[in-house]
Amino acid sequence: MELIKNLKWRYAVKKYSEEQVSEDKVDQIVEAINLTASSCGIQPYRLFVITKPEVRQRLGEGSFNAQIHASSHLLVFAGFNNITSDYIRDYVKMMEQQRNLENGALNVLNDTLIDYFSVQTPEQNVIWSDKQAYIGLGTALIAAAELKVDATPMEGFDPKLFDEVLGLSEQGLHASVILSLGYRDEANDFLASMPKARLPINIFSVRIN
Ligand SMILES: Cc1cc2nc3c(=O)[nH]c(=O)nc-3n(C[C@H](O)[C@H](O)[C@H](O)COP(=O)(O)O)c2cc1C
C-alpha cells in the first residue's frame with residue numbers, strides 16, 4: 001500500500017524551508033478534512049487556514065513551536081463550545097437537502113440528537129468536539145503525506161491567545177489542536193534524517209482470534 005510508504009516518509013517537522021505549499025494542495029487537504037467522519041456526522045469543529053504573517057507571529061508568541069509562524073500554512077482546528085439545538089436543526093436540514101429527502105424525513109435523527117445533546121454539559125460537549133477535531137487532524141496528516149507536503153501536529157500553543165487573536169469565543173469556538181504545513185528544511189532539521197521510532201507491531205497490536 002502506497003499509504004504505508006507515505007506514512008514512513010512523514011514526520012513532525014521542526015524546521016521548514018521557505019517553500020510555500022500551493023493553494024491547490026492546501027485545498028485538497030482541507031477537502032480531505034471536510035470528508036472526515038465525525039460522531040453523529042455533525043462536524044462540530046471549524047477549520048481556520050492562516051497564512052497572514054502578522055497573525056501567525058502573534059499566535060506563536062510564548063510557544064516553543066517556531067513552526068506556528070515559520071511554515072507555509074497554519075491550520076487551526078477549532079472545536080465547538082456547545083452543541084445547540086439550532087445547530088442540529090440546520091445541519092439535519094442540510095442533510096435532507098443534500099440527500100434529496102423530503103422536508104422532515106430526518107425528524108427522528110433531529111429529535112434524537114437534540115435530546116442527547118441537551119442533557120450534556122458544555123464541558124462534555126467540548127471534550128466531544130475536541131475528539132472529532134482530532135480525527136480531522138489524523139486525516140490532515142494522511143492527506144498531507146499523500147501529497148508529499150510536510151506537516152507538524154501541535155498541542156504546544158496558547159489556546160487563550162488563539163481565542164483572543166482569532167475571536168474564537170465570539171464564534172462559540174475554541175482552539176483544539178493545530179497543524180503547520182510546508183516543506184522540510186532537510187539540511188537544518190535534526191529530525192529529517194532520523195529513522196522513525198515506533199513499537200514493534202506485535203507489541204502495539206493484539207490479535208484475538
Ligand atoms: C496531538 C499531537 C500534538 C503534538 N504536539 C507537538 C508540538 O507541540 N510540537 C512538536 O514539535 N511536535 C508535536 N507533536 C508531534 C509528535 O511529537 C510526533 O508526532 C511524535 O513524536 C511521533 O513522531 P513522528 O510524527 O515524527 O513520526 C504532536 C503530535 C500530536 C499527534
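In what pattern do helices and strands follow one another when the protein chain is read along the sequence?

1. **The order of the elements.** This is a predicted model, and reading along its sequence gives the pattern α-α-β-α-β-α-α-α-β-α-β-α. Counted up, the protein chain has 8 helices and 4 strands. Try tracing them in the structure above with the pattern beside you.

2. **The overall extent.** If you would like a sense of scale, picture a box of roughly 60 × 50 × 30 Å along the principal axes, which the C-alpha atoms of the protein chain fill.

3. **Two domains.** The domain assignment splits the protein chain into domain 1 (2-80 + 126-204) and domain 2 (84-119). Notice that domain 1 is written as two stretches of sequence, 2-80 and 126-204. Where the domains touch, the contact takes 7 residues from domain 1 and 5 residues from domain 2. Their centres, taken over C-alpha atoms, are 30 Å apart.

4. **What the domain interface is like.** Domain 1 and domain 2 bury about 600 Å² between them. Of that area, 73% is on carbon and sulfur atoms. How many salt bridges does the rule find across this interface? The count for domain 1 and domain 2 is 0.

5. **The largest pocket.** Now for the empty spaces. Rolling a probe the size of a water molecule over the atoms shows where such space is left. The largest pocket has a volume of about 430 Å³. Its lining consists of I4, L7, K8, R10, L141, I142, K196, R198, L199, I201 and F204. Three helices, α1 (2-9), α6 (122-146) and α8 (201-204), each supply at least two of the lining residues. The largest share, 3 residues, comes from α1. Sorted by class, the lining of the largest pocket has 7 nonpolar and 4 charged residues, with no polar ones.

6. **The second largest pocket.** Here the space is about 200 Å³. The second largest pocket is lined by 13 residues, and those nearest its centre are R10, Y11, M194, P195 and K196. By class, the lining of the second largest pocket divides into 8 nonpolar and 5 charged residues, again with no polar ones. Look for R10 and K196 in both places: they appear in the lining of the largest pocket, and they also lie nearest the centre of the second largest pocket.

Terms used
Residues are numbered from 1 along each chain as its sequence is written. This is a predicted model: local features need pLDDT of at least 70, side-chain atom pairs count only at pLDDT 80 or more; totals for chains, interfaces and linings use all residues. Side-chain values use heavy atoms; hydrogens and water are left out. On a 1 Å grid over the protein atoms alone, a cavity is a set of points where a 1.4 Å probe fits but cannot get out, and a pocket is an open set with protein on both sides within 12 Å along at least five of seven lines; lining residues have an atom within 4 Å of a point. Grid points are joined across faces, edges and corners, and a volume is the space filled by probe spheres set on the points. Ala, Val, Leu, Ile, Met, Phe, Trp, Tyr, Cys and Pro count as nonpolar, Asp, Glu, Lys and Arg as charged, and the others, Gly among them, as polar. Domain bounds come from an automatic or database domain assignment. Contact means heavy atoms within 4.5 Å. Buried area is the accessible area (1.4 Å probe) that two parts lose on being put together, summed over both. A salt bridge is a side-chain nitrogen of Lys or Arg within 4 Å of a carboxyl oxygen of Asp or Glu.
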